[in-house]
Amino acid sequence: MTAQSAGHDDRSGSGTSASGVRRGLVLGGGGSLGAAWTIGALCVLEDAWGWDPRSADIILGTSAGAIVGSLVALGARPRDILSHQRGDTAQSGIRVDYDTWVGGALPRIPRPGIGSLKMLCDAVRHPHRMPFTMLLAACAPPGQGNLNGVRDLFRQLEMGDRWTHNPALRVVAVDLDRGVRVLFGAPDAPCTDLASAVTASCALPAWFAPVEIGGRRFVDGCAWSDTNLDLVAGEGLDEVFVLAPTCVRHMDHPRSVPAQVERQLRRIATWRLLHEAQLVRQAGARVRMIVPGPEDLAAMGANLMDPQRRLSVLETSLRTTAAALRKPRLERAASESGPGVRGTRDPGTVA
């Protein structure tokens, strides 16, 4: 990844491909390890399908997916991002300490109080207007962490005071007081710079402080959904590739209590992904999902912010995604529409 390739190349998102197929790329959240898994899976997807993700008509990113998606929208090839994650920075001019760029594996103790009394009151009055996770975001105490490392990455890419010229990019964050999603980059979204939008999308409640944009406080788009896939339903796409690092293909059986709790959260995220995928299919698009499998889960452990596992997750993703995409096409087609959790089928790979 170089400043030139990731900061000054706006060829992507320039319109429908030569085949006439409008494609979308949706990248979900998942912390530092989710970003690493996504980068590996995206490299394999490009190789297996012969499709350049930079050419997507819509690139929608949430949280960690907003970081990776923004780099792709700026013109960085997945292999460039992969090399940078592996430490190949000699030629890039871009310096990122991936072990400390989000403050490490554990959060600072949050401040006393709750995130948003206004949103909490709205959630009580209208309990079905927003997901339960939004209620948790409203109740969560204000975080004290910062995302200066992420912001500095985009400043180095000259995106600290402006938005990319690429019209394909959408970055999802949640307005903490209004309890609504905002798609930065969409025509009706508040104007901001890319660094602020991405850090807002990554501002996990109780971990990081909300990011203020235009007098409004924003937090992690995962407070609503780990992928926010349903937001592309009205984009007139024919095909959507979804990479969802917090979902699951086949569940493993960890012994530690933290890992067991994390796996239950994955079940919830997977069910929501399936619901959103159905909405996009009803709008006329084919949805192709790629999610982690048991080997990936073992590499990730229970804490998706643990920097010591980053390279292991990255290399595991390259291997497991390649193996998944080698499955016979009929098997993949049968597995596309449901997850590997009890009573369902497996969403894990593209068909």
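# Exercises on a predicted model

Contacts between residues 24 or more positions apart make up 77% of the chain's contacts with a separation of 6 or more. The model is predicted. The chain holds twelve helices and eight strands. Of its 351 residues, 58% count as buried. About 14200 Å² of the chain is exposed, and carbon and sulfur atoms supply 54% of that area.

## Exercise 1. Strand β6

Find the strands that pair with β6, and state in which sense they run.

*Solution.*
- Step 1. Locate the strand. β6 covers residues 216-220.
- Step 2. Take β3, residues 169-175. β3 pairs with β6 in the antiparallel sense, over three bridges. Within this pairing, V174 has V219 of β6 as its bridge partner.
- Step 3. Take β5, residues 211-213. Three bridges join β5 to β6, and these strands run antiparallel. Here I213 stands opposite R216 of β6.
- Step 4. Look at the turn. The hairpin of β5 and β6 has two residues between the strands, and G214 takes a positive phi near 60°.
- Step 5. Check the cover. Four of the five residues of β6 are buried, so the strand is mostly covered.

## Exercise 2. Aromatic pairs

Classify the ring pairs W51–F241 and F184–F218, and say what each one ties together.

*Solution.*
- Step 1. Count. The whole structure contains five aromatic pairs.
- Step 2. Measure up W51 and F241. Their ring centres are 5.0 Å apart and their planes meet at 25°, so the pair is stacked. The cut-off for stacked is under 30 degrees.
- Step 3. Place both residues. W51 is in the loop between α2 and β2 (58-62), while F241 is in strand β7 (residues 239-243), so the pair ties together parts that are 190 residues apart in sequence.
- Step 4. Check burial. W51 and F241 are both buried.
- Step 5. Turn to F184 and F218. Their ring centres are 5.2 Å apart and the planes are at 70°, so this pair is edge-to-face. The cut-off for edge-to-face is over 60 degrees.
- Step 6. Place this pair too. F184 belongs to strand β4 (residues 180-184) and F218 to strand β6, so parts 34 residues apart in sequence are tied together. Both F184 and F218 are buried.
- Step 7. Extend the view. W49, W51 and F241 form one aromatic cluster.

## Exercise 3. Three residues, buried or partly exposed

Assign T38, V261 and R286 to a burial class, then describe the setting of each.

*Solution.*
- Step 1. Recall the cut-offs. Buried means under 20% relative accessible area, exposed means over 50%, and partly exposed lies in between.
- Step 2. T38 has 1% relative accessibility, so T38 is buried. T38 is found in helix α2 (residues 31-49). Leaving aside neighbours within four places in sequence, T38 is in contact with L27, V68, L243 and P245.
- Step 3. V261 has 47% relative accessibility, so V261 is partly exposed. V261 lies in helix α9 (residues 257-282). With V257, L265 and I268, V261 makes a nonpolar surface patch of about 400 Å².
- Step 4. R286 has 40% relative accessibility, so R286 is partly exposed. R286 lies in strand β8 (residues 286-290).
- Step 5. Compare sequence with space for R286. V240 is 46 residues apart from R286 in sequence, but their C-alpha atoms are 6.1 Å apart.

Terms used
Residues numbered from 1 in each chain as written. Predicted model: local features only at pLDDT ≥ 70, side-chain atom pairs only at ≥ 80, totals over all residues. Heavy atoms only, no water. Buried < 20%, exposed > 50% of the residue type's maximum accessible area, 1.4 Å probe, protein only. Pairing = 2+ DSSP bridges. Patch = residues over 30% accessible without salt bridge, like charges linked within 9 Å, V, L, I, M, F, W, Y side chains within 5 Å. Areas by Shrake-Rupley, 256 points an atom, 1.4 Å probe, with all protein chains shown as cover. Salt bridge = Lys/Arg side-chain N within 4 Å of Asp/Glu carboxyl O. Contact = heavy atoms within 4.5 Å. Phe/Tyr/Trp six-rings, centres within 6.5 Å; stacked < 30°, edge-to-face > 60°.
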